[in-house]
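Hi there,

Here is the structure I promised to pass on to you. Please have a look at it first, and then read my notes below.

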Amino acid sequence: MTEIELLSWARGPGLQIATIIFVAGVVIRVLEILLLGRKANLAEAKGGEMSSGLKTMITRTVPDRTTFKRSSVTIVSGYAFHIGLFVVCFLSAPHILFLKDIIGFGWPSAPTAVIDAFAVITIIAMLVTLVNRLTNRVMRYLTNFEDLLTWFVTFLPVITGYIAFHRIGMTAPTLLAVHILSVELLLVVFPFTKLMHAFTLFIARWYNGAISGYRGVAS
Amino acid sequence: MKKDLLLKDGNPQQGNPLGGTLGESLRSQGVSRRSFMKFCATTASMMALPPSMIPMIANALENARRPSVIWLSFQECTGCTESLTRAHTSTVESLIFDAISLDYHHTLQAASGHAAEAAREVAMEENFGNYLLVVDGSIPLDNPGYSTIAGISNLDMLTESAKGAAAIVAVGTCATYGGIPHANPNPTGAVSVKDIIKDKPIINVPGCPPIPVVITGVLAHYLTFGAIPELDHIGRPKVFYGQSIHDRCYRRPFYDKGQFAETFDDEGAKKGWCLYKLGCKGPTTYNACATTKWNNGTSFPIESGHPCIGCSEPDFWDGGGFYKALSLPTEDLSKTAVYAAAGAAAAGVAVSALNRGKKNASNKIHIKTTIDDLTQE
Ligand code: SF4
Ligand code: SF4
């Protein structure tokens, strides 16, 4: 298999397979949660669930002071790499072009220097989260294989993208193919791991808020 | 040039019985010392050598015996030969032709048929072990009858001619990687020179066609140093194929700023913005176009407003469409996503029904704990 063949496979059949697994996996898992349903509540109560749920979706995004003090490294590095990932994924021109091809519309891109800087921030922040996880005793105790796997499959596209952009070590077609393949790995692993939080996070937050907003005893 | 792979006898020109040195030949054709030195300077800069090397090149070329060159053309379009011979007159390209003894070339020689084959055999015999074999075109393996010359199949001619060659230069993407004949579905079973010949040094000079000065630059390097240049992982001389088009492209600042032509006639195209979105393969293509340029240094395709199609890379013809941007999927992904989502929605509902069934079943067998249970012993 030549480099260009590898690249063509990654851009063609590889991407198809990964997309099918990703989309099907996410849809099934989200539906499974939503269709679980909630028992009809016959008791009339004070306090609305909806507004409290929506409020919590926003308030929980801002860490409170004590939590921040206790786990500042986790919070700062976590935010840094999530924001970095967002910029790198959704504001770089080749990525926007890719998304536009699928969803039908695009938006302006950021200059490569900006993307490059955010890629570096993301890489550093992700390394910090890993080191923190492995050196903090409590965190290490709580860490299981899935945590390391999800870290790894998230880190891979960022680092391969960075290397491909700077053409380090190998020739460009191989580097690009490896980058696309790493994204495919992420897509395949996504629905079956805690990476699903990207979709379930706000459902869960709303539910948390809804519970505390509800005043009264449910039937 | 320490990294060079020296050929077995170190000097391919030695023992060539055909005619005198290159210096003599040039003088007899009235080429002035000045234009000869200019040629040497161009060669040096092309090979990325310091100017201090120019006298050395001049000396080596002056005294080089004209090596015998046998040029074989297999499944090809003659574009490579056209590229070379249509190049500007009295330049490096034509000078280099004076520097070699081209003993066999279908398109350029006067003789034809068996007379031509006889000439090839004589040249091979007289220069056994020393001649340079140049090949353009791919070799069909499915059926030897697909391409023959004077009744000899391409495969036989190549293996026979390779035996006495000091080195082989595969010219064009067909000879180097199979090229267009090799493109899907490859009806003739076309392969490259390297797929067949394993025991000779092979220099790959890909391109569809290759830039003429790159072809002659490789020949000049061989003449000057009697060795083949340092090659990359797919056999290309690093001096010419060491950098990607994208890294040397003059439109690169636009790429970096995110300014792209969206169509061939929009404002961006008129302003000369980057052609990435129009399918440019510059980022994955290694060739000298952006620096050496074409037509005697006039311009190169991207300068004329057309994206690079990646012609110097293996399988460029099957690279997912010339006008499809590199980051795009080659197949229709939105359709796949919609079908996958629809199928999954059905599956999700089914799974939920199962879950509900389970929940109801466990509800049914659930026994309520009452205050009486606490008092029970
Ligand atoms: S035109 Fe092509 S080679 Fe030039 S900067 Fe744009 S993508 Fe790169
Ligand atoms: S710009 Fe690209 S496609 Fe055009 S000749 Fe150069 S390498 Fe080949």
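**What I found**

To begin with the surface: Lys368(B) counts as exposed, because its relative accessibility is 70%. Please keep in mind throughout that this is a predicted model. Lys368(B) sits in the loop that runs between helix H17 (333–365) and helix H18 (371–375) of chain B. It belongs to a surface patch of positive charge, where it gathers with Lys39(A), Arg356(B) and Lys359(B).

There is a nonpolar patch on the surface as well. Its members are Val73(A), Val120(A), Ile124(A) and Val128(A), and together they have about 290 Å² of accessible area. Helix H6 (residues 112–135) of chain A supplies the largest share of this patch, three residues. Val73(A), in turn, is found in helix H4 (residues 72–91) of chain A. With a relative accessible area of 42%, Val73(A) is partly exposed.

**Chain A as a whole**

What kind of elements does chain A have, helices or strands? The count is ten helices and zero strands, so reading from the N terminus you will meet α-α-α-α-α-α-α-α-α-α. The C-alpha trace of chain A spans about 65 × 40 × 35 Å along its principal axes. Of the 219 residues in chain A, 39% are buried.

Pro173(A) is one residue to look up in your viewer: it is buried, with a relative accessible area of 0%. Pro173(A) lies in helix H9 (residues 172–189) of chain A. Its C-alpha atom is separated by 8.3 Å from that of Leu6(A), although the two residues are 167 apart along the chain.

**Salt bridges**

Over all chains the structure holds eleven salt bridges. Some of them link up: Arg167(A), Asp247(B), Arg252(B) and Asp256(B) are joined in a network of salt bridges. Within this network, the side chains of Arg252(B) and Asp247(B) meet at 3.1 Å, N to O. Arg252(B) also pairs with Asp256(B), and here the closest N and O atoms are 3.3 Å apart. Asp256(B) and Arg252(B) are both in helix H14 (residues 252–257) of chain B, four residues apart, which is about one turn of the helix.

How do these residues rank, buried or partly exposed? Arg252(B) is buried, with a relative accessible area of 15%. Asp247(B) counts as partly exposed at 36% relative accessibility, and Asp256(B) counts as partly exposed at 23%.

Another salt bridge is formed by Glu303(B) and Lys293(B), whose closest N and O atoms are 3.2 Å apart. Both residues lie in the loop between helix H16 (289–292) and H17 of chain B, so the pair ties together parts that are ten residues apart in sequence. Glu303(B) is partly exposed, with a relative accessible area of 31%, and Lys293(B) is partly exposed too, with 23%.

**Cysteines**

How many disulfides does the structure hold? Over all chains there are zero. As a reminder, a disulfide is a covalent bond between the sulfur atoms of two cysteines. For Cys208(B), the closest cysteine sulfur is in Cys174(B), and at 5.9 Å that is too far for a bond. Cys208(B) is partly exposed, with a relative accessible area of 34%, whereas Cys289(B) is buried, with a relative accessible area of 8%.

Enjoy exploring the model, and do write back with any questions.

Best wishes

Key. Residues are numbered from 1 along each chain as its sequence is written. Chains are lettered from A and ligands numbered from 1 in the order in which they are written. This is a predicted model: local features need pLDDT of at least 70, side-chain atom pairs count only at pLDDT 80 or more; totals for chains, interfaces and linings use all residues. Side-chain values use heavy atoms; hydrogens and water are left out. Patches are made of residues with over 30% relative accessible area and no salt bridge: like charges are joined within 9 Å, nonpolar side chains (Val, Leu, Ile, Met, Phe, Trp, Tyr) within 5 Å. Accessible areas come from the Shrake-Rupley method with a 1.4 Å probe; for residues, only the protein chains shown count as cover. A salt bridge is a side-chain nitrogen of Lys or Arg within 4 Å of a carboxyl oxygen of Asp or Glu. Lys and Arg count as positive and Asp and Glu as negative; His and the chain ends are not counted. The place of a charge is taken as NZ of Lys, CZ of Arg, CG of Asp or CD of Glu. Helices (H or I, at least four residues) and strands (E, at least two) are DSSP runs, numbered from the N terminus. Buried means under 20% relative accessible area, exposed over 50%, partly exposed in between (1.4 Å probe, protein chains only). A disulfide is a pair of cysteine sulfur atoms within 2.5 Å.
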